[in-house]
Amino acid sequence: MTQAQVWTHAAAELVRCFRTHPSLAEFSSFPTDLVPQKVTARALPPLDLLATDQALRSGTVSTLLDAVLALACDAHWLEHYRDSGIGDHFMDRFGCFCLVGDQGGFASDQLRVWLVYMPPHLHYPWHHHPAEELYLVLAGQAEFLRAGQAKRWLSSGDTAFHASNQPHAMTTGADSVLCLVFWRNQFESGPQLTDGNDIS
């Protein structure tokens, strides 16, 4: 398939996911204003980790997972926290690319969609953003931490909702995790690391 066909196939699988997953359908309707846009591929170290991570595919049968993984080599991998002082250990292992939004295969004013990948034994520090957010775990598992709520281990098919500016974090154990991340409303500001005094 051409690059455009790979992205179009992924969008079709997202449509199907919105129709069949109650939490996602409750969070947002599928965007009605998708416009295809060219993606300039950009590879970063997490892509190599994902490419060799056989555990994510073990025992998992999902057309959405397959469609998203097919985007990885053509995607523009992002470095949201490069200038935050978070350190190379995190930056070289935390993977993220956009499906809908800036640098993604589609533009939309209604929704943003990213893929997030974390290998085993990685902590995604506390952070926040104005946009409301829903995580959908595609494969693997991770511990999700949200200010004001109990910790939860989530695995394939599970979701986690984050309210506007609600601090949250995530940690993997022996398994890696692959998630789709959806944002609605207030896209102007990206994620920011949360000061420890603001977490309760």
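Two exercises with worked solutions follow, on the cysteines and on the salt bridges of this predicted model.

Residues are numbered from 1 along each chain as its sequence is written. In this predicted model, local features need pLDDT of at least 70, side-chain atom pairs count only at pLDDT 80 or more, totals for chains, interfaces and linings use all residues, and side-chain values use heavy atoms, with hydrogens and water left out.

**Exercise 1.** Determine how many disulfides the structure has, taking a disulfide as a pair of cysteine sulfur atoms within 2.5 Å.

*Solution.* Begin with C98, whose sulfur lies 7.6 Å from the closest cysteine sulfur, that of C96, which is too far for a bond. Turn next to C179, where the closest cysteine sulfur is again in C96, at 11 Å, and this too is too far for a bond. The count by this rule is 0 disulfides. As for their surroundings, C98 is buried (under 20% relative accessible area, where exposed is over 50% and partly exposed lies in between, with a 1.4 Å probe and protein chains only), and C179 is likewise buried, at 0%.

**Exercise 2.** Trace the salt bridges made by R82, where a salt bridge is a side-chain nitrogen of Lys or Arg within 4 Å of a carboxyl oxygen of Asp or Glu.

*Solution.* R82, partly exposed at 34% relative accessibility, pairs with E79, the closest N and O atoms being 2.7 Å apart. R82 also forms a salt bridge with D88, at 3.1 Å between the closest N and O atoms, and D88 is partly exposed at 49%. The structure holds 5 salt bridges, among them one between E132 and R184 at 2.9 Å, N to O.
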